[in-house]
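I opened this structure to look up a few side-chain arrangements and one residue in its surroundings. These are my notes, in the order in which I went through them.

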Amino acid sequence: MFGLRTALVALALLIPSLVKADDLYIYTDGALAPGWEDWSWSSTLDFNATDLFEGTSSISVTSDAWAALSVKLEGTFLNYAGLKFDVAGPNPDVSISIQSTTDNNESPTIPLSAFGQTITSGSFTSLLMDFSALPGVGSPLGNDSWDRITFQAGGNGATYHLDNIVLVESIIITPEFLSAEPLANDVIAITTKGAVNFSDVSITLNQKVVFNVALTVESSDTYTPIDTPAKTITYLTLASSLSPGTLLITAGNSTFNWTLPSVQHASIVQSVKRPINPYIYGVNFPTSASYIEHLGVTMSRWGGNAVTAYNPFGGFTNAGNDWYFENRASDSADDWVGWVQGAGSATMLTVPALDWVSKDASSYSYPRSVYPDQGGFDPFNSDAGNGLFPNGSYVTPVPDQNNVYVPWNTSAAKQWLSGMQNKPTIVTIDNEIEIASNTHQDMHPVPISYDEELSRVIDFATAAKEAIPNVLVGAPSTCSWWYYWTSSVGYSDTTAHSNIDFLPWFLQQMEAYEKANGTRLLDYLDIHYYFQADTSADDAAAKALRLRMSRSLWDTSYVDESWVGVDPQNHQSNPTVVELVPRFKTLIDMNYPGTKLSIGEWSSTKDTDITGGLVTVDSLGIFGQYGVDSATYWATPDELGPVGLAYWLYRGYGTYFGNSSAQVNLSNPQPDILGLYAGTENGTLSLVIINKDPAVPVAWDLTNVPFGKYFMRHFGGAAGIAKWQTNITLSANNYIVVPPYTAVFLKQL
């Protein structure tokens with residue numbers, strides 16, 4: 001008998017088979033269609049691009065951070081079924097919204113990642129926003145005087161092409177088998193759209209038929225989370241386990257051919273374990289309580305460059321050199337701590353520790369009227385400059401801080417913290433102030449030395465502990481590898497401190513303070529870590545590099561594939577090898593035992609690409625396995641994107657990886673392409689398996705993995721970026737398959 005389990009996913013992306021006469025064209029070739037106006041901002045547009053096109057041309061778009069291609073109709077568009085468009089680009093960080101300029105209403109913002117399709121530079125991908133069930137939210141667009149459509153870039157800008165933009169009068173679903181992959185020990189996962197006929201499915205393994213049966217959608221179990229893309233996944237359970245050889249899946253007119261490999265051997269030892277600190281599954285600035293629940297966020301950080309100038313008494317902050325040194329309104333940190341902790345997440349709050357905070361929501365430091373010869377000005381406020389001359393040097397003289405800021409000191413910090421209704425779990429003493437002479441050159445133009453940074457940490461940590469006696473303190477929130485070892489002053493500062501690198505010296509001084517005063521001020525050594533290797537090309541080589549650079553978190557033999565491996569610039573042992581977590585665990589033990597390790601900022605280097613998601617899964621596993629005490633991703637992963645799904649894999653919707661990391665023994669470790677992590681809690685085993693290979697499945701023989709029922713989640717591979725999940729029965733542990741570019745979570749039921 002054949003076992004069958006089917007999960008169907010809500011429709012959100014449906015490609016019409018043709019465009020009807022009643023459809024409303026927005027762009028086809030050469031120009032916007034009659035009646036449509038260009039309302040874009042801060043973007044370079046070419047409506048007649050011929051470097052990539054369908055027909056005779058396309059729209060080439062290069063948008064600055066938060067800028068957009070935006071088009072408005074002279075009139076309104078009502079009673080359409082959806083918005084169809086073709087897009088090409090390196091998984092561009094772009095979100096779509098629909099507006100009414102009459103009443104200023106706006107649809108939910110829909111990131112391209114919500115469509116669940118991989119978007120590449122060399123060819124167009126057709127997408128369609130179904131107005132009856134918007135991708136990522138599942139709710140209808142609703143009736144309004146809609147007249148504007150906006151494609152807005154994220155914080156890093158975006159470059160991409162658009163073509164064949166059409167409001168469609170109706171949606172026609174063309175049934176199609178999209179992918180078919182081997183999974184676990186006896187499962188074939190088939191993704192489809194439309195009402196396909198499973199009597200057209202045949203599966204052979206080593207030329208032996210192992211599946212051939214007619215099915216209907218109505219007979220299947222269904223799983224329909226509202227934010228899942230418009231593809232259905234069907235899990236077919238075979239009569240016998242998968243095994244090495246040739247797997248051929250014929251589905252309708254599609255054929256999927258896999259070569260199943262010989263196994264990798266590993267054993268899991270649940271009795272040998274170490275606790276996992278739940279605070280490692282953190283992010284900066286979660287968007288909502290539901291976001292925290294859906295991704296299982298355990299630690300939420302209020303941080304970044306802007307909060308250095310946060311004025312809690314007025315609700316103001318300053319963007320620094322991230323955005324033209326402009327003041328802006330800010331949410332209340334007190335309210336933020338309240339709702340975040342109410343949603344179930346601990347909090348990490350940054351306390352300003354320089355001499356100034358913003359005085360209002362509108363001032364800026366470098367007005368054109370005072371400094372006319374600047375290299376750039378805010379596209380939305382032509383008077384606000386970037387503080388740099390055209391040659392890149394800092395504008396002089398230094399602005400009068402009183403024009404933009406008000407004084408700040410430990411008394412003000414203590415008043416604020418003691419008066420908070422909602423107390424944070426951890427406070428960190430400012431954010432990357434070792435580079436304040438760059439990021440906040442207007443308020444602190446002088447490079448910060450070892451001694452100044454230590455003094456500020458001691459002063460503001462003392463204020464924080466006096467204001468909130470039980471609060472934990474993290475510092476110094478150092479920005480990167482270079483500044484772990486020296487200051488902005490330069491090597492002369494290191495020389496002046498007996499050639500002791502900065503963070504070891506800092507730990508020594510914090511221990512000396514405790515011994516002299518009887519008070520521990522530093523609970524967490526907080527550092528920021530960004531992979532130093534250059535993956536900006538985002539080609540196959542860069543993707544492979546991105547996936548293996550997680551080795552810099554732990555591997556004592558991995559020479560960093562960046563400037564670190566060539567010019568280490570420090571006095572540490574084995575200086576060309578980062579081995580971040582073991583290194584800092586050792587430095588803590590040597591210089592200030594009992595201090596915990598926090599990584600307050602880190603990143604995948606490519607949030608929108610599957611490799612960014614897989615390296616995030618790998619990193620979270622490493623944090624648990626090697627004993628990191630807290631970690632918060634910078635900044636806010638898209639819930640439906642690859643990085644968001646990494647968090648969902650471990651913690652989403654209340655289903656958690658174990659609270660202890662179980663020992664994993666590998667017969668043939670291959671960290672460049674494979675990852676395997678085991679968790680245990682009350683005797684229940686959970687596994688996370690990562691296949692970083694873009695083309696070849698991996699098969700595991702996992703000794704000590706019990707047979708029986710498991711809850712399974714997965715994302716990536718041919719199935720795509722989506723929250724795929726089901727229950728399976730593991731009937732064998734000696735051949736467990738994970739498809740290429742895929743992460744899988746298994747937990748005993």
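I began with charges over rings in this predicted model, and found that R520 lies over the face of Y592, at 4.0 Å from the ring centre. I then looked up R713, whose charged end sits over the ring of F745, 5.8 Å from the centre of that ring.

Next I turned to the aromatic pairs, for which the count comes to 33. One of them joins Y450 and W505, a tilted pair with 5.1 Å from centre to centre and 50° between the planes. I noted where the partners sit: Y450 belongs to helix α5 and W505 to helix α8 (residues 502-517), so that the pair links distant parts of the chain, 55 residues apart. Both Y450 and W505 are buried.

W482 and Y491 form another tilted pair, with 6.1 Å between the centres and 45° between the planes. Are these two rings buried or exposed? I found that W482 has a relative accessible area of 29% and therefore counts as partly exposed, and that Y491, at 47%, is also partly exposed because its value stays below the 50% cut-off for exposed residues.

I also looked for rings joined into a group, and noted a cluster in which ring pairs link F285, W302, Y310, F313, W336, W408 and W416.

For the nonpolar interior, I asked which members of the largest core touch the most other members. Of its 98 residues, these are F506 and F584. Helix α5 (residues 450-467) gives the largest share of this core, 8 residues. Apart from this core lies another, of 38 residues, with V71, V94, L112 and F115 among them. Going back to F584, I listed its contacts beyond four places in sequence, which are Y484, W485, L503, L525, I527 and L597.

My last entry concerns S604, which I found in the loop between β32 (596-602) and α11 (610-626). S604 has a relative accessible area of 0%, and it is therefore buried. Leaving out residues up to four places away in sequence, S604 touches R546, M549, G612, V615, T616, Y633 and V643. I looked up its polar partners as well: a polar atom of the S604 side chain lies 3.1 Å from the backbone nitrogen of K606, and a polar contact of 3.2 Å joins the side chains of S604 and D607. Finally, I noted that the C-alpha atoms of S604 and W634 are 9.0 Å apart, although 30 residues separate them along the chain.

Definitions and conventions:
Residues numbered from 1 in each chain as written. Predicted model: local features only at pLDDT ≥ 70, side-chain atom pairs only at ≥ 80, totals over all residues. Heavy atoms only, no water. Helix = DSSP H or I, 4+ residues; strand = E, 2+ residues; numbered from the N terminus. Buried < 20%, exposed > 50% of the residue type's maximum accessible area, 1.4 Å probe, protein only. Contact = heavy atoms within 4.5 Å. Polar contact = N/O pair within 3.5 Å; in protein donor to acceptor, adjacent residues only side chain to side chain. Core = buried A, V, L, I, M, F, W, Y, C linked by side-chain atoms within 4.5 Å. Phe/Tyr/Trp six-rings, centres within 6.5 Å; stacked < 30°, edge-to-face > 60°. Lys NZ or Arg CZ within 6 Å of the ring centre and 35° of its normal.
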